[in-house]
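Let's take a walk through this chain together, starting from its contacts and ending with its surface. Keep the view open as you read.

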Amino acid sequence: FTDSNGRELLARDRDHRPSWHGFNQTEKVAGNFYPSTSMAAIRGNGLQLTVLLDRAQGVGSISDGEIQLMVHRRVLVDDARGVAEPLDETQHVTPYIPHSLRGGYKSGPGLVVRGTHLLSLEPVAIAAAV
């Protein structure tokens, strides 16, 4: 379960999109991450593990019984999926100026982002009340 608006949890089924008929999941990891603004949860054996988030993050459960949080991502090589540059946020970036050969030049250490997460493990029947 993830929330996308900070008010309600949406059930997420691995490799499934209810409104996409004939859906064939080809990206097993990326295709199973969802945006979440304040919380995420997994359920099993009558219990619910809830994670409260301090910022919007990507959340996935790639295998049964696990939850993964993407606080910040950094990709040092272009993944050929649209932006034609790596996702490499550094301390300093040269502004993009028309006709400049060094526009967008990155230098300095990579950004470090730390998140704070609160965990709750409760029976499903009372998990929302906690």
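Among contacts in the chain between residues at least 6 apart in sequence, what percentage join residues at least 24 apart? The figure is 42%. Please keep in mind throughout that you are looking at a predicted model.

Now trace the backbone from the N terminus. You will pass ten strands and one helix. In order along the sequence, the strands come one after another and the helix closes the series, giving β-β-β-β-β-β-β-β-β-β-α.

Next, zoom out to the overall dimensions. The radius of gyration of the chain is 19 Å, whereas a compact globule of 130 residues would come out near 14 Å. Along the principal axes, the C-alpha trace covers about 60 × 40 × 25 Å. As for burial, 21% of the 130 residues count as buried, where buried means under 20% relative accessible area.

There is also an annotation to place on the model. UniProt, in an unreviewed entry, lists residues 1–81 as "domain: Glycosyl hydrolase family 38 C-terminal". In the model, this span is 35% strand and 0% helix, and its end C-alpha atoms are 27 Å apart.

Finally, turn to the surface and the charges. The chain exposes about 9300 Å², and 55% of that area is supplied by carbon and sulfur atoms. The chain carries 13 positive and 14 negative charges, and the mean positions of the two sets lie 3 Å apart.

How values were computed:
Residues numbered from 1 in each chain as written. Predicted model: local features only at pLDDT ≥ 70, side-chain atom pairs only at ≥ 80, totals over all residues. Heavy atoms only, no water. Helix = DSSP H or I, 4+ residues; strand = E, 2+ residues; numbered from the N terminus. Rg over C-alpha atoms; globule rule 2.2 N^0.38 Å. Buried < 20%, exposed > 50% of the residue type's maximum accessible area, 1.4 Å probe, protein only. Contact = heavy atoms within 4.5 Å. Areas by Shrake-Rupley, 256 points an atom, 1.4 Å probe, with all protein chains shown as cover. Lys, Arg positive; Asp, Glu negative; His and termini not counted. Charge placed at Lys NZ, Arg CZ, Asp CG, Glu CD. UniProt positions renumbered as here; feature names shortened; annotations may be inferred.
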